[in-house]
Amino acid sequence: ATAALAACAAGTDPNAQTLEGHDGRVWALDHSPDGRLLVSGSADRTARLWDLDAMATIAVLQPHDGRVRSVAFAPDGLTVATGDYGGMIRIWTVPDGRLQLTIAAHDQVVRNLAYHPDGGLIASGSYDRTARVWDLATGDPVAVLTGHTDTVNTLAFSPDGTRIATGSGSVFNPPPDHSIRLWETRSGEPLATLTGHTDNVRDLEFSPSGEALVSGSDDRTVRLWDLSTGDQTAVLEGHRSDIPGVAFVDDACVVSVSYDETVRIWQSASPGSPTILDGHRDDVWAVSVARDGSIATSDNDGVIRLWPAERVRAACSRAR
């Protein structure tokens, strides 16, 4: 299969290009470590590997047990992981898309995935209110993180791999839990709970330095956290709807996406006006930042938009 490469439609940002091929909303994105490949997960029950130089699909990853809700690239770029509505994690080889390992991880949807920085472990979060850490050499569980009273929507490893952050919330599992929790990776012991969001925590990420955390929520805010103290350092407001995706561009710049159809780039520590990237014409679900600072975003209509590094760096500079 190949992807169609097209300039943004009239009235949208002329700097973005689009990848088309999925037949349903694209819920998840992740770049390869070198930034040349992208993996996407969709409601059409497939994941796709894209070559961003050729602007083409190089592998369609299937079958899955339902819609593909989460994807992640391994740190060495040699495999990708997918998580689906059937509670399964699958590991696929790159670039040929061969199925290498299947883990029956959860009884419910695998909502998010993250590889450990050394590539030997993978963590998964689920509607079943747990996060789990898996040994990829054996497929066995290493730790089960219990304590959230709601869906574990999002998780991430710290850059040094010693900690995991998780974020929670949904409309399915009362009572509501809108917390962020920090855990020790191998023991699963809780380290801290960060509170401040007033609705579901949809996404989070450690800063490149590991000293800060960014989170996005259905409360329409992006929040920055100092991990040395657990204090909230900034609340970035402006989105007009839920924020299902956030990421650091660098330690001083973050990007967020929203159901308000916009992509926004902010100075990390400032509530000032962000740069708004227009182009999507439906709910924006996911964002991934490549090593060179370019970003990919995806939406409800199955379109993936690619924003060049020069455009993103210029926006970060204006945000500062």
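Which residue of strand 5 stands opposite Gly41? Select Gly41 and look across: the residue there is Ala47. Keep in mind that this is a predicted model.

**Stop 1: strand 5 and its two neighbours**

Select residues 47–51, which make up strand 5. Is strand 5 largely enclosed or left open? Of its 5 residues, 4 are buried, so the rest of the structure largely encloses this strand. Buried here means under 20% relative accessible area.

Now add residues 37–42, which are strand 4. Strands 4 and 5 run antiparallel, joined by 5 bridges. Together they form a hairpin, with 4 residues between the two strands. Click on Arg45 in that turn: its phi is positive, at about 75°.

Next, select residues 56–61 for strand 6. This strand is antiparallel to strand 5, and 5 bridges join the two. Find Leu49, then look opposite to Ala59 in strand 6. Strands 5 and 6 also form a hairpin with 4 residues between them. In this turn, pick Met55, which has a positive phi of about 55°.

A general point helps here. Strands of a sheet pair through backbone hydrogen bonds, either parallel or antiparallel.

**Stop 2: an open sheet**

Move on to strands 11, 12, 13 and 14. These 4 strands form an open sheet in the order 11-12-13-14, with antiparallel pairing. Which strands stand at the edges? Select 110–115 for strand 11 and 140–145 for strand 14. Each of these has a single partner strand, so one side of each is left without a neighbour in the sheet. Ignoring direction, neighbouring strands of this sheet are turned by 25° against each other on average.

Zoom in on strand 11 and add residues 121–126, strand 12. Their antiparallel pairing covers 5 bridges. For one example, select Ala114: its bridge partner in strand 12 is Ala123.

**Stop 3: the largest pocket**

Which residues lie nearest the centre of the largest pocket? Select Asp30, His31, Glu205, Ser288 and Val289. The pocket's volume is about 1,300 Å³, and 48 residues line it.

Now colour the strands that contribute to this lining. Strands 3 (26–31), 7 (68–73), 11, 15 (152–157), 19 (201–206), 23 (245–250) and 27 (284–289) each supply at least two lining residues. Strand 11, an edge strand at the previous stop, is thus on show again as one of these suppliers.

Finally, colour the lining by class. How many of its residues are nonpolar, polar and charged? The lining of the largest pocket has 30 nonpolar, 11 polar and 7 charged residues.

Definitions and conventions: Residues numbered from 1 in each chain as written. Predicted model: local features only at pLDDT ≥ 70, side-chain atom pairs only at ≥ 80, totals over all residues. Heavy atoms only, no water. Buried < 20%, exposed > 50% of the residue type's maximum accessible area, 1.4 Å probe, protein only. Pairing = 2+ DSSP bridges. Axes fitted to C-alpha atoms, helices over the stretch in contact; angles between N-to-C directions. 1 Å grid on protein atoms, 1.4 Å probe; cavity = no way out; pocket = protein on both sides within 12 Å on 5 of 7 lines; lining within 4 Å. Points joined across faces, edges and corners; volume = space filled by probe spheres on them. Nonpolar A, V, L, I, M, F, W, Y, C, P; charged D, E, K, R; others polar.
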